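Colleague: Please pick one part of this model and take me through it closely. Keep it simple, as I am in my first year.

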Amino acid sequence: MRIACLQFNPQLGNVAQNLKRAETIISQAEPQDIDLLILPEMAFSGYNFNSVNEINSHLEPTAAGPSTVWARSIARRLGCYVALGYPEYCAHPPSSPLGSMSRYNSAVLVSPKGNVLANYRKHFLFTTDESWAEEGREGFFSGDLPDGLGRLAMGICMDLNPRRFETPFEKYEFAHHILDSKADIAVMPMAWLTSQPAESLVDQAQVPDADTLAYWIKRLQPVLDQSGQGQSKETIFVACNRIGIERNACYAGTSVVVGVSKGKVKVYGCLGRGTEDLLVCDVPGPGKNSATKRK
C-alpha cells in the first residue's frame, strides 16, 4: 500500500493560492500508484482564525465546497483515496432548535472515483477551534476502505490529545478507538504546534521535530501494548501536518508514516519541520508483513 502526505504552508484565508500551491507540489513530485493521500487540517483555508466573524467567509458547505471539489478532482486524477481538513458549515431548517447554521472543523474522505465516503467532524476541540466551531458529536471516525485496503480510523489533530487536556493522560481516547474499531490504518490531518523556537523552522527546516514525533507515538501507547494472536498486528499511523508561522502560531511539520505493533515502532518516512513536500511511503497492506506496491 502506498500512502502520501502533502505537507505545505497554507496562507490564512487565501484559498486560491493554497489550492495552487498544493497542485504545484503534487505536480513536481509526480507521484505514481498512490493508494491514499492525506492533507493537513483546514488545508486550504489556513487554521488560526480568532472568531466566527473572521472565518465565516471561508466556511464551506458540507462536503461540497472548494476543498471537497479539489479532493474529488485529485482523487480521480491520481486514482486514490483522499482525506483533508476544511472548515464546514451545516445549514439547518428554520424550525430546527439548532438555529440556522452549525460550524465544524471537519475532514472529508473521498474515493478514487471522486465519491464522498465520509465527512468527519473534529471530536475534541482545541482552544482556537472553540472560538468558532462546535464539537462533533458522532465520535471518532472508522470505516472500511474497499479494494482490500483495510479498515481506516480518522481523527483531526487535537483528537490525539486528552479531551480539553482535562481527561487523564492514560485514557488514550483515540488510541483506544484505533483498537476498538480494529483499524488497519489511522490517519490524522493536523495543524500541530511546535514548542521549538520559530528560528528552528528555518535553521533546521529539513530536521523533524523530535519532541513532537515522540509525543505522537506516546499517545499511541495502547496500540504499542496490544497483543494479538500469533504475530502482533501492525497498525499504520499517518500524521499529515502543516508547516510555517501563522500569526503567532508556529507549526511543527514532521508529517510521518509509522507502523505500530506490540512494543515496536517503524518509521516508514518523515518530513522536516519546515519542508514543503509530498511524502510517499510504501507500507504493508492489511494482513501483510512487508511493504508492497499496488500494481
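Modeller: What follows is a close look at helix 1, its salt bridges and some other parts of the chain.

First, some ground rules. This is a predicted model, where local features need pLDDT of at least 70 and side-chain atom pairs count only at pLDDT 80 or more, while totals for chains, interfaces and linings use all residues. Residues are numbered from 1 along each chain as its sequence is written, and side-chain values use heavy atoms, leaving out hydrogens and water.

Now to helix 1. Helices (H or I, at least four residues) and strands (E, at least two) are DSSP runs, numbered from the N terminus. Helix 1 covers residues 15-29, which is 15 residues. From first C-alpha to last, helix 1 reaches 21 Å, close to the 21 Å expected at 1.5 Å a residue. That expected span is 1.5 Å times one less than the number of residues.

Which residues of helix 1 are buried? They are Val15, Asn18, Leu19, Ala22, Ile25 and Ile26. They cover an arc of only 125° around the axis, so they sit on the same side of helix 1. The arc is taken from the directions that run from the helix axis to the C-beta atoms. Buried means under 20% relative accessible area, exposed means over 50%, and partly exposed lies in between (1.4 Å probe, protein chains only). There is a general pattern here. An α-helix has 3.6 residues a turn, so residues three or four places apart point the same way.

Look at the other side of helix 1: Ala16, Lys20 and Gln28 are exposed there. What covers the buried residues of helix 1 includes strand 1 (2-7), strand 2, helix 3 (66-78) and strand 15 (277-282). Contact means heavy atoms within 4.5 Å. Right after helix 1 comes Glu30, with a positive phi near 50°. Most residues other than glycine have a negative phi.

Next, the charged side chains of helix 1. A salt bridge is a side-chain nitrogen of Lys or Arg within 4 Å of a carboxyl oxygen of Asp or Glu. Side chains of opposite charge can pair when their charged atoms come close. The structure holds 15 salt bridges. One of them joins the side chains of Arg21 and Glu276, at 2.8 Å from N to O. This pair links distant parts of the chain: Arg21 is in helix 1, Glu276 is in the loop between strand 14 and strand 15, and their positions lie 255 residues apart. Arg21 is partly exposed, at 30% relative accessibility. Glu276 is partly exposed too, at 28%.

Another bridge joins Arg77 to Glu23, and their closest N and O atoms are 2.9 Å apart. Here helix 3, with Arg77, is linked to helix 1, with Glu23, and the two residues are 54 apart. At 46%, Arg77 counts as partly exposed. Glu23 is at 23% and also counts as partly exposed.

Now step away from helix 1. Leu39 is in the loop between strand 2 (36-38) and helix 2 (52-55). Leu39 is buried because its relative accessible area is 0%. Not counting residues up to four places away in sequence, Leu39 touches Leu6, Phe44, Trp70, Ala83, Leu84, Gly85, Pro189 and Cys240. Leu39 and Leu12 are 27 residues apart in sequence and 16 Å apart in space, C-alpha to C-alpha. Met42 is in the loop between strand 2 and helix 2. Its phi is positive, about 45°, although Met42 is not a glycine. Met42 is buried, at 0%.

Finally, an open sheet. Six strands run in the order 7-8-9-10-13-14, with mixed pairing. Strand 7 (141-145) and strand 14 (264-270) stand at the edges, each with a single partner strand, so one side of each has no neighbour in the sheet. From one strand to the next, the twist averages 20°. Axes are lines fitted to C-alpha atoms, for helices over the stretch in contact, and angles run from 0 to 180 degrees between N-to-C directions. Two strands pair if DSSP finds at least two bridges between them. Strand 7 and strand 8 pair in the antiparallel sense over five bridges. Leu145 stands opposite Gly150 in strand 8.
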